[in-house]
Amino acid sequence: MSAKPTEKLPVTVLSGFLGAGKTTLLNHILNNREGLRVAVIVNDMSEVNIDAALVKQGAPGLSRTEEKLVEMSNGCICCTLREDLLVEVRKLAAEGRFDHLVIESTGISEPMPVAETFTFVDENGVSLSDVATLDTLVTVVDAAAFLRQYKEAKELGELAVARDEEDTRTLADLLTEQVEFANVLVLNKTDIVSAQDLSGLKFFLNGLNPHARVVESVHGKIPLGEVIGTGLFSMDEARAHPAWLAVPRDAKESEADAYGFGSFVFRARRPFHPARLAAYLESEGDLLLRSKGFVWLATRPEFVGVWAQTGSTSRLECAGPWMGLHPKGLEVLSDDVKKDLAPLWMDTWGEARVELVLIGQDLDEGLHRSALSSCLLTDDEWAKGPRAWVAFEDPLPMWEEHGHDHDHDHGGEGHVHGPDCEHDHGAHGRNDLSEAARAALQSLAQDELESRAQELVAKEEHAEAVWYQEEIYRRALARDSSSFECAMAGYLLGLCYVECGEGHRAGPLIGAAVETLEPLAEKNDADVQEAAWMLCEARSHLIDLLVKCDDLARAVPHAVAGQKEAKAHGLVAWESTFLYSLARIAIHNDERDAAETMLRKTLALREQLAERALVAPVLSTLGLVLNAKGDKAGAKQMLERAQALFPNDSDLPEKEECTQALAALRTESLRAKMGQGSSSTAGR
């Protein structure tokens, strides 16, 4: 039931040390609300509220009118922002539109002073408790790091997070306070700890807080009822705690000052060189307690990198494309996100940027700013553009390809493995070349480079082939970036990246190859047919990459253009391939009539080619579409034809789908016949 203006708004407060997974848990709550209308307040200690941005990104539903996100930065809600919190909660409660409020506090926030905030009375005699009620205090515990952090803080005085020289408290004190005053402890990341270590952690936490409910989680996934609407918080029990109101109400120091934390924001509008960034993280990273934010990498220019580091652990993940590269740009965004991004928009790259928050103890801000600035592309590197950037050395961990599986065939002639290849090509560490090895590569003649690259690709040793193909591409760029040779060098390098699982680096290269080949394929000379063929192949692989990233808005125009180009040059196999791509995209969008039309056109073209292996997957897919439309007889006919045409050694996913669908139809038909027989017998 929705909250009414006369009812107090129930509140869940999320606490937990930096990196424990509070934002992940919050995103899980927002994506599994079970019909509840949830308002959110995110409190981050820095002037850039990275957590709020990630919440928006992870829960697009927040932009709808029944929900609201409030960001509070540059302070802590239990001290410097108490009055602000009072104002915001009163606004949300007065609207009467929300069933619950979730407050994510800072990573160095203690639950107790946050709870005390609900008894704070402003100069007008107004308190949060007049309009809201604390429901649950939740502390998220990093199961993999908690005991290590706790023990390190006790054993190493230099890791203490102290107010001043006379303050003997440590990081263990902060962790203890976060645990002791919680109603619910969410043990996150339990998938990366042993059962024995997890049991030991539970025993230890029970000693700190025997009354707290303990919930295990992986990636913050827990039942909603464990943290929403529990009614576990008791103000009377809280007041009985010995440390209740231990800090004077008029204290002005923030928790950052209290525990020796400092932070600053680093911003830039050009990408990092990944090799220099990796060197910085290796040499300076251990001086940071926490860093997080958005990263723009030169070798992966189209994609948003989300960086999160806590102590000695770190991760860099892909969060999808920069919206500046979306064909409709700001038009596809909600009003809230559009308002946030509009001031950041710049020509060509939209909102692409570096925006990092760095948190630590006694940080030398000048030193870190200088070091990070040196990691950015130089003026000369920036001027070379993304075609050259993607070939830079990149020792950072790979990003997993995201998006749904979408298999294509590529005309059946001269096919090179695409992004769905399942081989392990050892991409990790492939850039770890010594200076001597790089110099040796650069000294090779062009034909030696090409011969060695082709030999390695033939052996499917793509990780090593990249070294040679990168050098080939660099030379082609230097000679003529608009030539057929440069397009082919970039395309072949892109295919190597694909085989190494680095589609984010392949996309710009293959896209550039398509742009270069388009005008070359229109010329009336002896090379036009070769250019047209390579254009079709490059465009087909580009479609694969776009579909894997769920960027169908860009994939469809390429498929349409490819179909027209292939038809103009009489390349029937490629024409059918692009039609098949359009059909599969229509299936993904649940456009069954359009999919059937495209599939029948594809089928007609492939039957002209008289190649059984090319006809079978189309028949199978058409059978599945007809089945979904309720045409059981038509579906059975197509699936049986497909089954007869699939080679015995075929491992195409369409063959497995065909077998399963045909078995289901035959079972359904048999049951129907048995039912009719029973009715006939009963009648006699």
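A residue is taken as buried when its relative accessible area is under 20%. By this criterion Arg539, at 1% relative accessibility, counts as buried in the predicted model described here. The same cut-off applies to the chain as a whole, in which buried residues make up 52% of the 684 residues.

The chain contains 26 helices and 12 strands. Of the contacts with a separation of 6 or more, 74% are accounted for by residues 24 or more positions apart. The area exposed by the chain is about 30800 Å², and 50% of this area is supplied by carbon and sulfur atoms.

Electrostatic pairing was examined next. Side chains of opposite charge can pair when their charged atoms come close. In the whole structure, 27 salt bridges are found. One of them joins Glu216 to Lys202, with the closest N and O atoms 2.2 Å apart. This pair links distant parts of the chain, 14 residues apart: Glu216 lies in strand E7 (residues 213-216) and Lys202 in helix H7 (residues 195-208). Glu216 counts as partly exposed, at 37% relative accessibility, and Lys202 is likewise partly exposed, with a relative accessible area of 33%.

A salt bridge is also formed by the side chains of Arg276 and Glu381, at an N to O distance of 2.8 Å. Here the partners are 105 residues apart, with Arg276 in helix H10 (residues 274-284) and Glu381 in helix H13 (residues 379-384). Arg276 is partly exposed, having a relative accessible area of 26%, whereas Glu381, at 15% relative accessibility, counts as buried.

The buried residue Arg539 also takes part in a salt bridge, its side chain meeting that of Glu518 at 2.7 Å, N to O. Arg539 belongs to helix H20 (residues 528-548) and Glu518 to helix H19 (residues 503-520), and the two residues are 21 residues apart. In contrast to the buried Arg539, Glu518 is partly exposed, with a relative accessible area of 29%. Elsewhere, salt bridges that share partners join Arg452, Glu455, Lys459 and Glu464 into one network.

The region around helix H10 was then considered residue by residue. His273 is placed in the loop between strand E8 (261-268) and H10, and its 9% relative accessibility is under 20%, so His273 counts as buried. When neighbours within four places in sequence are left aside, His273 is in contact with Cys375, Leu376, Leu377, Glu381, Phe392 and Glu393. Glu381 is thus a contact of His273 and the salt-bridge partner of Arg276.

Leu277 is located in helix H10 and is buried, with a relative accessible area of 6%. Apart from neighbours within four places in sequence, the contacts of Leu277 are Phe272, Val295, Leu297, Cys375 and Leu396. Of these residues, Leu396 is 119 residues from Leu277 in sequence, and the C-alpha to C-alpha distance between Leu277 and Leu396 is 8.6 Å. Cys375 is in contact with Leu277 and also with His273.

Helix packing was analysed for helices H22, H23 and H24. Helix H22 (residues 572-588) packs against helix H23 (residues 592-609) at an angle of about 160°, and the axes of H22 and H23 are 8 Å apart. Angles over 145 degrees count as roughly antiparallel; H22 and H23 are therefore roughly antiparallel to each other. H22 passes H23 in a left-handed crossing. Residues of H22 that meet H23 include Val572, Leu579, Tyr580, Leu582 and Ile587, while those contributed by H23 include Met598, Leu599, Leu605 and Leu609.

H23 packs in turn with helix H24 (residues 612-628), at an angle of about 155° and with the axes 9 Å apart. That angle makes H23 roughly antiparallel to H24. The crossing of H23 and H24 is left-handed. On the H23 side, the residues that meet H24 include Arg592, Glu596, Leu599, Leu603 and Leu609; on the H24 side they include Leu614, Val615, Val618, Leu622 and Val625. Leu599 of H23 is among the residues that meet H22 and among those that meet H24. Leu609 of H23 is likewise found in the contacts with H22 and in those with H24.

Key. Residues numbered from 1 in each chain as written. Predicted model: local features only at pLDDT ≥ 70, side-chain atom pairs only at ≥ 80, totals over all residues. Heavy atoms only, no water. Salt bridge = Lys/Arg side-chain N within 4 Å of Asp/Glu carboxyl O. Helix = DSSP H or I, 4+ residues; strand = E, 2+ residues; numbered from the N terminus. Buried < 20%, exposed > 50% of the residue type's maximum accessible area, 1.4 Å probe, protein only. Contact = heavy atoms within 4.5 Å. Areas by Shrake-Rupley, 256 points an atom, 1.4 Å probe, with all protein chains shown as cover. Axes fitted to C-alpha atoms, helices over the stretch in contact; angles between N-to-C directions. Parallel < 35°, antiparallel > 145°, perpendicular 65-115°, else oblique. Left-handed = near helix turned anticlockwise from the far one by under 90°.
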